Amino acid sequence: MDKLYAPWRDRYVHTQIKGEQSGACVFCEVFTDTQSDESRLVLFRNQDIAVMLNLYPYNGGHLLVVPKNHVAEYYELPESILHQLMSATSKSMQIIKKEFNCDGINFGANVGRAAGAGIPQHVHMHIVPRFAGDTGFFTTIGESKQVSVDLEKIYKNLKPHFDKNFIG
Ligand SMILES: [Zn+2]
């Protein structure tokens, strides 16, 4: 039944790491390369955290909230970063709920490879909009489903909401 509670399993996320072979971390790159937000689907960034669209979403609007810190455990993060992560996550959920008119939202994290993390070396939160009809399919398949969504369109629709008054 654990799969019921982990729709954000990172089954496909690791394939989006462009520099995987070279050992580069796709999340660290978000903080070192600040000029490629559109191609990296970064919706919000400050010096501590970033919010981005998952390139391999469970549903349209599947977001990742990432701290700058390259750590594998949440308890290694400073209080101030933890605070911003939760603040950005809750604000993101507010935006997602309004923009996607979803019936529910899953949010959480996979910590460690055994828990389904595709990038276990750098913690990240998932936010997945859920709809009344998607549960049956999900419980049958039990893992990430293939979705075809227009990420570019979703990015353009969401970006203005992350550009103003996001988090302090
Ligand atoms: Zn990293």
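Which residue in S3 does Val51 stand opposite? Val51 stands opposite Val65, and that pair is a handy way into this predicted model.

**The overall picture**

Let's step back for a moment. The protein has 168 residues, and 31% of them are buried. Its secondary structure comes to 4 helices and 5 strands, and going along the sequence the pattern reads α-β-β-β-α-β-β-α-α. Take the contacts between residues at least 6 apart in sequence: 66% of these join residues at least 24 apart.

How far can you trust it? Mean pLDDT for the protein is 83, with 78% of the residues at 70 or more. Residues 1-6 stay under 50, and the model gives them 5 contacts beyond four places in sequence. Residues 11-20 are also below 50 in pLDDT, with 20 contacts beyond near neighbours in sequence. Where pLDDT is low, the predicted coordinates should not be read in detail.

**Strands side by side**

Back to the strands. S1 pairs with S2 in the antiparallel sense, and a hairpin of 3 residues links the two. S2 also runs antiparallel to S3, and S3 in turn pairs with S5, again antiparallel. Here is how the bridges and some of the facing residues work out:

| Strand pair | Bridges | Residues opposite each other |
|---|---|---|
| S1 and S2 | 3 bridges | Arg45 and Ala50 |
| S2 and S3 | 5 bridges | Val51 and Val65; Ala50 and Val66 |
| S3 and S5 | 3 bridges | Val65 and Met125 |

Notice that Val65 turns up twice: it faces Val51 of S2 and Met125 of S5. Ala50 does something similar, with Arg45 as one bridge partner and Val66 of S3 opposite it as well.

Which way do the residues of S2 point? Ile49, Val51 and Leu53 go one way, Ala50 and Met52 go the other, and all are buried. S3 does likewise: Leu63, Val65 and Pro67 point one way, Leu64 and Val66 the other way, and all of these are buried too. That makes 5 of 5 residues buried in S2 and 5 of 5 in S3.

**The core**

In soluble globular proteins, nonpolar side chains tend to be buried together. In this model, the largest nonpolar core holds 31 residues, and those with the most contacts inside it are Leu43, Ala50, Val51, Met52, Leu63, Val65 and Val66. At least two core residues come from each of helix H1 (26-32), strands S1 (42-45), S2 (49-53), S3 (63-67) and S5 (125-130), and helices H2 (79-100) and H4 (151-163). S2 gives the most, with 5 residues.

Two residues of that core are worth a visit. Val51 sits in strand S2, and it counts as buried because 26 other C-beta atoms lie within 10 Å. Leaving out residues up to four places away in sequence, Val51 touches Leu43, Phe44, Leu63, Val65, Ala88, Ser92 and Phe162. Its C-alpha is also 8.4 Å from that of Thr89, 38 residues apart along the chain. Met52, with neighbours within four places in sequence set aside, is in contact with Val30, Arg40, Leu41, Val42, Leu43, Leu63, Leu64 and Val66.

**Helix H4 and a residue at the edge**

H4 has 13 residues and spans 18 Å from first C-alpha to last, close to the 18 Å expected at 1.5 Å a residue. Still, there's a kink of about 30 degrees at Asn157, shortly before Pro160. Just after H4, Asn165 takes a positive phi of about 50 degrees.

Which residues of H4 are buried? They are Ile154, Leu158 and Phe162. An α-helix has 3.6 residues a turn, so residues three or four places apart point the same way. The cover over these buried residues includes S1, S2 and H2.

Finally, meet Phe100, found in helix H2. Is Phe100 buried or partly exposed? Phe100 counts as partly exposed because it has 18 C-beta neighbours inside 10 Å, and being buried takes 20 or more. Beyond four places in sequence, Phe100 touches Gly60, Gly61 and Pro129. Its C-alpha lies 9.9 Å from that of Leu158, 58 residues apart in sequence.

Technical notes. Residues numbered from 1 in each chain as written. Predicted model: local features only at pLDDT ≥ 70, side-chain atom pairs only at ≥ 80, totals over all residues. Core = buried A, V, L, I, M, F, W, Y, C linked by C-beta atoms within 7 Å. Buried ≥ 20, exposed ≤ 12 C-beta atoms within 10 Å, placed from the backbone. Contact = placed C-beta atoms within 7 Å. Expected span 1.5 Å × (residues − 1). Bend = angle between axes of the 7 residues up to and from the residue. pLDDT = per-residue confidence, 0-100. Pairing = 2+ DSSP bridges.
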